[in-house]
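Open the structure in your viewer and keep the selection box handy. We'll go stop by stop, picking out pieces and looking at what sits around them.

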Amino acid sequence: MTVPRRFLPSIASLRALEALDRLGSASAAAGELALTQGAVSRQLQALERQIGVELILRDGKALSLTPEASAYADDIRQALDRVAQATLKLQSAPLAGSLNLAILPAFGMRWLMPRLPEFSRRYPDVTINMSTRLAPFNFASEAFDAAIHFGHADWPGTDALLLKHEQLLPVCAPGLLGRIQVKTPADLLELPLLHIQTRPKAWADWFARQAVPVDGNLTGTTYDQFSTINQAALHGLGVALMPDYLVEQDLATGRLMSLHHQAEDIGGAYYLVWPRSKARNAGLMQFREWLSGHAQPEDPLPR
């Protein structure tokens, strides 16, 4: 692919633009880049001349970006990150291969991490670089070879390996109940319910599975991660509907108690997902082969 020179500014000038946008001042950008403020200003002037667009608002020695330049800097930031990730991938395992993997924080820490020593023993030449992601992202805009994804195997342009169906269990701190006796699932409606942003319908689906009618919205506080909702449950703030693998230790030690006789699958599972364009990545192929030995059967529900 041949791209005209005017569309390919120098990395140095793009780094100066990105740093000014992120840090807000030329002095801060100069400090991060180990340059003088004058050198940062010259880099930005060269960038303006090359692309023929005004980018910088100048007020004495103070520099700031135009709105258009700030949007441009955001795109450049993503491109620089991809260059850095590609370089790290090349440096970290040039012979055997490496794998840039996005993971969900709780599942990655509690399910994947305990199993990784085995992978390292079997494939010592493969390097796995991991980053946590909560929100959905696009493989085309982020330099990941694969991701641990929750939901269904319907991510466009990808293939997937089922890892584990999510089994949910209502739990709370023993001191929360007081005089309330929980004998049936409907009794949980008398207690404060804790919600997680990534599973907004979890409680409604769970009550529906128990044939408990629910009128209107289920109120209660909402948390963005399982680690925080788990802490809220431990401190007696309410009942949390938690994946069983996350609360095993707290149930065993009595810090939490179960309010239902068994964990239940109410839809959704964890998958290893990869773009089809990366399917022949050597590190990914070895990681995928190894993970398949730890995967759950496709359909755990009785029929």
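How many bridges join S6 to strand S11, and in which sense do the two strands run? Select residues 158-172 for S6 and 264-275 for S11: they run antiparallel, joined by 9 bridges.

Before we go on, a few ground rules. This is a predicted model, in which local features need pLDDT of at least 70, side-chain atom pairs count only at pLDDT 80 or more, and totals for chains, interfaces and linings use all residues. Residues are numbered from 1 along each chain as its sequence is written, and side-chain values use heavy atoms, with hydrogens and water left out. The element names come from DSSP runs numbered from the N terminus, helices being H or I with at least four residues and strands being E with at least two. Two strands pair if DSSP finds at least two bridges between them.

**Stop 1: strand S6 and its partners**

Stay with S6. Of its 15 residues, 13 are buried, so the strand is largely enclosed by the rest of the structure. Here buried means under 20% relative accessible area, exposed means over 50%, and partly exposed is in between (1.4 Å probe, protein chains only).

Now click on Asp 159, whose bridge partner in S11 is Trp 274. Ala 160 stands opposite Val 273 in S11.

Next, add residues 239-243, which make up strand S9; S6 pairs with S9 in the antiparallel sense over 4 bridges. Look for Leu 169, which has Met 242 as its bridge partner in S9. Then add residues 257-258, strand S10, joined to S6 by 2 bridges and also antiparallel to S6. Here Val 171 stands opposite Ser 258.

**Stop 2: strand S11**

Turn to S11. Since 11 of its 12 residues are buried, S11 is largely enclosed by the rest of the structure. Select residues 146-151 to bring up strand S5, which runs antiparallel to S11 and is joined to S11 by 5 bridges. In this pair, Ala 147 has Val 273 as its bridge partner.

**Stop 3: Leu 259**

Zoom in on Leu 259, in the loop between S10 and S11. Is Leu 259 buried or exposed? Its relative accessibility is 11%, so Leu 259 counts as buried.

What is around it? Leaving aside neighbours within four places in sequence, Leu 259 is in contact (heavy atoms within 4.5 Å) with Pro 170, Cys 172, Leu 177, Val 182, Leu 188, Leu 191 and Val 239. Try a distance label from Leu 259 to Val 182: they are 77 residues apart in sequence, yet 7.0 Å apart in space, C-alpha to C-alpha.

**Stop 4: helices H5 and H9**

Select residues 105-112 (H5) and 244-253 (H9), two helices that pack at an angle of about 60° with their axes 9 Å apart. That makes H5 oblique to H9. Axes are lines fitted to C-alpha atoms, for helices over the stretch in contact, and angles run from 0 to 180 degrees between N-to-C directions. Under 35 degrees counts as roughly parallel, over 145 as roughly antiparallel, 65 to 115 as roughly perpendicular, and the rest as oblique.

Show the side chains where they touch: Ala 106, Phe 107 and Arg 110 in H5 meet Tyr 245, Leu 246 and Gln 249 in H9.

In H9, the buried residues are Tyr 245, Leu 246, Val 247 and Asp 250. Among the elements covering them are H5, S6, H8, S9 and S11. After H9 comes Gly 254, with a positive phi near 85°.

**Stop 5: helix H2**

Jump to residues 26-33, helix H2, where Ala 26, Ala 29, Ala 30 and Leu 33 are buried. Seen down the axis of H2, these buried residues fall within an arc of 100°, so they line one face of the helix. The arc is that of the directions from the helix axis to the C-beta atoms. What covers them includes H1 (11-23), H3 (37-51) and S2 (62-65).

**Last stop: two alanines**

Ala 34 lies in the loop between H2 and H3. Its phi is near 60°, a positive value in a residue other than glycine. At 69% relative accessibility, Ala 34 counts as exposed.

Finish at Ala 211, in the loop between helix H7 (202-209) and strand S8 (222-223). Ala 211 has a positive phi of about 60° although it is not a glycine, and at 67% relative accessibility it counts as exposed.
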